[in-house]
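Reader: I would like a close look at a single part of this model. Please set that part in the context of the whole.

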Amino acid sequence: MRYFKIITLASVFFSMPLSSMDFEISPPDEVDGIRYFLLKVKDDNRVRDIDVMLEGNLRAPLIRHHYTFSCQWGDASGVRLSMDSSSNDGPLVFDNIYVLDNKLDIVFAKSYARMNNKWIEPLSLTNAVCKRSGGGVKIDTITNKDFIIDFEFIHQGPFFLKGFKDKAIKYVRNESLNLDLVYEDANGEVVIDTIKNHDNKAPLVRTVFFMNINSEMKIISLVSWGAGDEGYHKVYGYTYDKKGRIYSDKSFDKDVNLSGYNTKEHPFKYKDASSIKEYLHKKFNS
């Protein structure tokens, strides 16, 4: 799903070499008022052009990173393109990853959008590339331009599980505007939970933190539905074991103090990490 209005972008040109492949960004052209730029991929004998559609109020794109992968079927090379725009909530950043094999066929392509979050390389990227599990690109039949099939809006994260350097969680906005809590390691991604719309409002993650309660590691998150501090609030809890396996903690659902509407007459008490931690310490004597 595309969430943002497409607008124009000034012509730019960047070029950086990568092993036997060169990746260049060349000036855009315009189709029906929409501008595209070319990602030009070259090896010793061939050239491949990949159209990249401009989204949002984007500034000039940059090649932020070069990749090399060694898979069972052979080697692959790629780049991460980064472009950002301003919004009322802060910078909106798009990162497009393209990876090609030695025939200049695209084996992986994915677009990531994020708000204010620091870029963290996907833990499962190598596995996805070697399994050729990226959505790739298709040609729009109207514009005759390429577009990336696989799109992910990262609402919060990734956050590495406390005690692990190779396991992480993130909250991803799905096509229904619900939030998926996604677990990721080197082997891939798994949706742990889906937080759905409430009162026709999309969920927003206010805070995420890790906490040891009675010798069990917990993932604690505060989610709200509604603008500002108004609306419905709910604290979610998950337990993860020594192998990093995550389970929903149903005791949080049963605790009436950890969910409710925030109103002037009956304010919700736990709207930040410090107040939630204080309540949980008292409840569990931890």
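Reader: Why does Asn174 count as buried or exposed, as the case may be?

Author: Asn174 counts as buried because its relative accessibility is 17%; buried means under 20% relative accessible area, exposed over 50%, and partly exposed in between, with a 1.4 Å probe and protein chains only. This is a predicted model, in which local features need pLDDT of at least 70 and side-chain atom pairs count only at pLDDT 80 or more, while totals for chains, interfaces and linings use all residues. Residues are numbered from 1 along each chain as its sequence is written, and side-chain values use heavy atoms, with hydrogens and water left out.

Asn174 lies in the loop between strand 12 (168–173) and strand 13 (179–185); strands are DSSP runs of E with at least two residues, helices are runs of H or I with at least four, and both are numbered from the N terminus. From C-alpha to C-alpha, Asn174 is 9.5 Å from Phe151, and 23 residues separate the two in sequence.

Strands 12 and 13 belong to an open sheet of eight strands, ordered 5-6-7-8-11-12-13-14 with mixed pairing; two strands pair if DSSP finds at least two bridges between them. Strand 5 (62–71) and strand 14 (188–195) form the edges, each pairing on one side only. Elsewhere in this sheet, strand 6 (residues 74–85) and strand 7 (residues 92–101) run antiparallel and are joined by 10 bridges. One of the residues involved is Ala76, whose bridge partner in strand 7 is Asp101.

As for the whole, the protein has three helices and 19 strands. Of its 286 residues, 50% count as buried.
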